[in-house]
Amino acid sequence: ALITLRQLLDHAAEHDYGVPAFNINNMEQGLAICQAAKQTDAPVIIQASRGARQYAGDLMLAKLIEGLQALYPEIPICMHQDHGNNAATCLSAIQHGFTSVMMDGSLGEDGKTPTEYDYNVDVTKKVTEMAHMVGASVEGELGCLGSLETGSGEAEDGHGFEGKLDREKLLTDPDQAAEFVAETKVDALAVAIGTSHGAYKFTQKPTGDVLAMNVIEAIHKKLPDTHLVMHGSSSVPQELQEEFNKWGGEMPQTYGVPVDEIVRGIKHGVRKVNIDTDLRIACAATLRRVATEDKSQFDPRKFLKPAVAAMKEVCVARLEAFGTAGWA
Ligand code: G3H
Ligand code: 13P
Ligand code: ZN
């Protein structure tokens, strides 16, 4: 059944667990996520970016979610708009059956340019007022996602901002966070702690100076009742990088957000954990493997079925690590 982000995260807070939010673009990702949720008896958040909505089309995505719900009636699913760039994106998502939206006012409508605090408050508040009228939840973001190693955003996936920002602008300020939540009445707050989207987050295993988990602890102290969201939280596991490269992929050594750091975040108010890249790598590595091992193969199902299994394995691991398993 479809539930709102608020319902799900209130339950998660009550029982001290976190919920992975996996990105969806197609049927195979949807099947992998739901098969994993069913196997682990877990609720789950499925989220679609603007790019996903363009790729699959709003109607196809809406029907896909409807189909997944019908196939897996026992799983509580929250359908969420990832990184809405303005009120229109958020409202049209709700029209298509999404139960939750992210209004990301930390960047402008182009999804690149860091904004001023007042703009962020105004646009987020506007969306919250309207979404709440029709029972949908809202996630806001304060601070800019981006690397503390380089002072820049993740350029590769189009979500990063342009230019360089200093540490203060990148990280969420705990006092400002308290003010932001009071003014906008968001149901969940995405915080910036040095993570970025995509595979290339850190050039070595992250320590506290580049992955600022202490900022989460400080925000949680100020806002003990606010559900916090970690973006850019793929772990980019070594095994997946090796598997991808083994079959001809070329991914330079990189480091993501270690699962145990996320688990630590969950002890300090993190309730939603965004993961896209890990599923992308698991999928791509499998497609490469089949293409290499069985060179005469041309039936897409022979590529996609094992890819679903590989993505499912990642989902199961996160649902278990974050304590989501068992709470459906
Ligand atoms: O926000 C980042 C997610 O990984 C979605 O990426 O815009 O390429 O679909 P996308
Ligand atoms: P990753 O690129 O780390 O998977 O992050 C996804 C994300 O934050 C989607 O909003
Ligand atoms: Zn994100």
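Here are some worked exercises on the barrel, the helix packing and the ligand shells of this predicted model.

In this model, local features need pLDDT of at least 70, side-chain atom pairs count only at pLDDT 80 or more, and totals for chains, interfaces and linings use all residues. Residues are numbered from 1 along each chain as its sequence is written, while chains are lettered from A and ligands numbered from 1 in the order in which they are written.

**Exercise 1. The barrel**

Task: find the order in which the strands close into a barrel, then look at how E7 joins E8.

Solution. Start with the elements: helices (H or I, at least four residues) and strands (E, at least two) are DSSP runs, numbered from the N terminus. Two strands pair if DSSP finds at least two bridges between them. Follow the pairing around, and 8 strands close into a barrel in the order E1-E2-E3-E4-E5-E6-E7-E8, with parallel pairing. From one strand to the next, the twist averages 25 degrees. Now zoom in on E7 (residues 227-230) and E8 (residues 270-275): they run parallel and are joined by 3 bridges. Met-230 has Val-273 in E8 as its bridge partner.

**Exercise 2. Helix H5 and its neighbours**

Task: describe how H5 (residues 87-95) packs with H6 (residues 117-133), and which strands H5 lies across.

Solution. Two packed helices are described by the angle between their axes and the distance between the axes. Axes are lines fitted to C-alpha atoms, for helices over the stretch in contact, and angles run from 0 to 180 degrees between N-to-C directions. The axes of H5 and H6 come within 10 Å and cross at roughly 20 degrees. That makes H5 roughly parallel to H6 (angles under 35 degrees count as roughly parallel, over 145 as roughly antiparallel, 65 to 115 as roughly perpendicular and the rest as oblique).

Next, list the contact (C-beta atoms, placed from the backbone, within 7 Å). H5 brings Ala-87, Cys-90, Leu-91 and Ile-94, and H6 brings Val-123, Lys-126, Val-127, Met-130 and Ala-131. Sorted by class, the contact of H5 with H6 has 8 nonpolar, no polar and 1 charged residues. In this sorting, Ala, Val, Leu, Ile, Met, Phe, Trp, Tyr, Cys and Pro count as nonpolar, Asp, Glu, Lys and Arg as charged, and the others, Gly among them, as polar.

Finally, H5 lies across strand E3 (77-84) and strand E4 (100-103), running at about 160 degrees to E3.

**Exercise 3. H12 against H13**

Task: give the angle and axis distance for H12 (residues 277-293) and H13 (residues 300-321), then the classes in their contact.

Solution. These helices pack at an angle of about 145 degrees, with their axes 8 Å apart. Among the contact residues are Leu-279 and Ala-282 of H12 and Phe-303 and Pro-306 of H13. The contact divides into 12 nonpolar, 1 polar and 2 charged residues.

**Exercise 4. Two ligand shells**

Task: describe the residues that surround ligand 1 and ligand 2.

Solution. A residue is near a molecule or strand if its C-beta atom, placed from the backbone, lies within 6 Å of it. Ligand 1 is surrounded by 10 residues, the closest being Ser-49, Gly-51, Ala-52, His-197 and Asp-276. Helix H3 (50-56) and E3 are the elements that give two or more residues to this shell. Its classes are 1 nonpolar, 6 polar and 3 charged.

Around ligand 2 there are 13 residues, and the closest are His-231, Ser-234, Asn-274, Asp-276 and Thr-277. Here the elements giving two or more residues are E3 and E8. The shell around ligand 2 divides into 1 nonpolar, 10 polar and 2 charged residues.

Technical notes:
Two residues are in contact if their C-beta atoms, placed from the backbone, lie within 7 Å.
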